[in-house]
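Thank you all for making the time today. I would like to walk through one structure slowly, and I will pause on a few places where the details repay attention.

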Amino acid sequence: MGYMDSTGGRPGQGPDRVVYLDHAATTPLLPEAISAMTEELGQLGNPSSLHNAGRRARRVVEESREQIAEVFGARPSEVIFTGGGTEADNLAVKGLYWARQGGRQGGPGKRRQVLTTPVEHHAVLDSVHWLTEHEAAQQTLLPVDPAGTLRPAALAEAIEASPGSVALVTVMWANNEVGTVQPIAELAGIAREHGIPFHTDAVQAAGQLPVSFAASGADALTVTAHKFGGPVGAGALLLARGVQPVPVLHGGGQESEVRSGTLDAPAIRAFAVAAAVMAERREEEAIRLAGLRDDLIAQVLAAVPDAILNGPPAGPNRLPGNVHFSFPGCEGDALLMLLDAKGIACSTGSACTAGVAQPSHVLLAMGADEARARGSLRFSLGHTTTQEDVDALGAAIGEAVQRARRANR
Ligand SMILES: Cc1ncc(COP(=O)(O)O)c(C=O)c1O
């Protein structure tokens, strides 16, 4: 295992071990990715330079591009490297919107609607919102059911209600808070029938589900390395042939004139190595994690019988590594700190919104009231998670909930 806690111990070992149940925020680097990255950090060369050192770095980038393309069912030419998921989402949403207006010079065209869901990650939601404030876009948040799922019929109805006015559709493959898996191929098929570009944020799906860009039918797909054992700050937007977003970052035009910036060969290499290792183990690992997930759900319900599982029931429509509960009568933040004091790390929602005292927009969109949304915690499992971790939470959660309830009275 590559993860070190603050005391220098490793999870699962020794008295200081951290029970890390926050893999959806970021998962420990795989040892293979650390080795690849460390080796590459000692090398010289900008992949755009023409000399020998530059050509060597370019080879590393192109071999990595091929590996990543293979893992995610894409062609190498469809992989645009970015500095992570947030950048890829911004490029997809803003860039495709602008492209549909005929470029930024074109001014607002007829196609101003962006169809999305209210449960997207903020990297998508805030990009869409920015377009409404600065570029005369209109956002339509398609309603989701209580499990967080978008019905394909709801997308079809929205498109048919305003023919010719939709710039793009963006729907996440799997939700980062409650683990809902969307029917992506069906949704992409509907957008395609109407000739509308379809983007999906597959950041959470990429390490846990079989993600094939080609089979999904999407025009653009976001992945980021740090959710499956690669480094933070390395991601990609997969772009189908002929799909050309207007760039968000301008400069050297390194990535097919769509994204500028010197390519980070060490991070890209580690991204590719992590993707390849993940792909090799994914199927077996998904079965292992689903088993641990189901046991964790059972242990929490045994200790806190009135806890409410948010999102879809444990099964194929839920990410294998996701558990999300509301604990009536508790503040999620207080409960998180009580568990943290016992060495158990979890989250009140996405890491990006944690710390801000707001109920989760995802739970509210799924119909939860504010109290239920505030009293919720996400436990997310990953490659270092063991049965011991699950048992540690099972042993601690009952008392922590009682204490959080007393504090809340
Ligand atoms: C669904 C989803 N999209 C996008 C992101 C942002 O990715 P990054 O951290 O690489 O910017 C995250 C990270 O939490 C995420 O969970």
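Before we look at the ligand, one term is needed: a polar contact is a pair of N or O atoms within 3.5 Å. Please also keep in mind throughout that what you see is a predicted model.

Let me begin with the ligand. With that cut-off in hand, we can look at Thr 86, where a polar side-chain atom lies 2.6 Å from an oxygen atom of the ligand. Asp 201 also takes part, since an N or O atom in the side chain of Asp 201 is 2.6 Å from a nitrogen atom of the ligand. For Lys 227, the distance from an N or O atom of the side chain to an oxygen atom of the ligand is 2.7 Å. Taken on its own, the ligand has 390 Å² of accessible area, and the protein covers 89% of that area.

Which residues are closest to the ligand? Of the 13 residues that surround the ligand, the closest are Gly 85, Thr 86, Asp 201, Thr 224 and Lys 227. If we sort this shell by character, we find two nonpolar residues, eight polar ones and three charged ones. The element that gives the most to the shell is helix α3, spanning residues 85–100, and the contribution of helix α3 is three residues.

Now let me turn to the aromatic residues, of which the structure holds five pairs. In one of them, Trp 98 and Trp 130, the ring centres are 6.3 Å apart and the planes meet at 85°, so the pair counts as edge-to-face. This pair links distant parts of the chain, with Trp 98 in helix α3 and Trp 130 in helix α4, 32 residues apart. Is each partner buried or partly exposed? Trp 98 is buried, because its relative accessible area is 5%, whereas Trp 130 counts as partly exposed, because its relative accessibility is 29%.

A second pair is formed by Phe 325 and Phe 327, and this one is tilted, at 5.8 Å centre to centre and with 40° between the planes. Both Phe 325 and Phe 327 are buried. There is also an aromatic cluster, made up of Phe 72, Phe 81, Phe 228 and Phe 271.

I would like to return to Trp 130 for a moment, as its ring has a charged neighbour: the charged end of Lys 94 sits over that ring, 4.9 Å from the ring centre.

Next come two places in the backbone. Although Ala 136 is not a glycine, it has a positive phi of about 60°, and you will find Ala 136 in the loop between α4 (122–134) and β4 (138–141). With a relative accessible area of 32%, Ala 136 is partly exposed. Ser 256 is likewise not a glycine and has a positive phi, here of about 50°; Ser 256 lies in the loop between β8 (235–239) and α8 (265–303). Ser 256 counts as partly exposed, with a relative accessibility of 47%.

Finally, let us look within helix α8, which is where Ala 276 is placed. Ala 276 is partly exposed, at a relative accessible area of 26%. In sequence, Ala 276 and Ala 33 are 243 residues apart, and yet in space they are 9.9 Å apart from C-alpha to C-alpha.

Key: Residues numbered from 1 in each chain as written. Predicted model: local features only at pLDDT ≥ 70, side-chain atom pairs only at ≥ 80, totals over all residues. Heavy atoms only, no water. Helix = DSSP H or I, 4+ residues; strand = E, 2+ residues; numbered from the N terminus. Buried < 20%, exposed > 50% of the residue type's maximum accessible area, 1.4 Å probe, protein only. Near = heavy atom within 4 Å. Polar contact = N/O pair within 3.5 Å; in protein donor to acceptor, adjacent residues only side chain to side chain. Areas by Shrake-Rupley, 256 points an atom, 1.4 Å probe, with all protein chains shown as cover. Nonpolar A, V, L, I, M, F, W, Y, C, P; charged D, E, K, R; others polar. Phe/Tyr/Trp six-rings, centres within 6.5 Å; stacked < 30°, edge-to-face > 60°. Lys NZ or Arg CZ within 6 Å of the ring centre and 35° of its normal.
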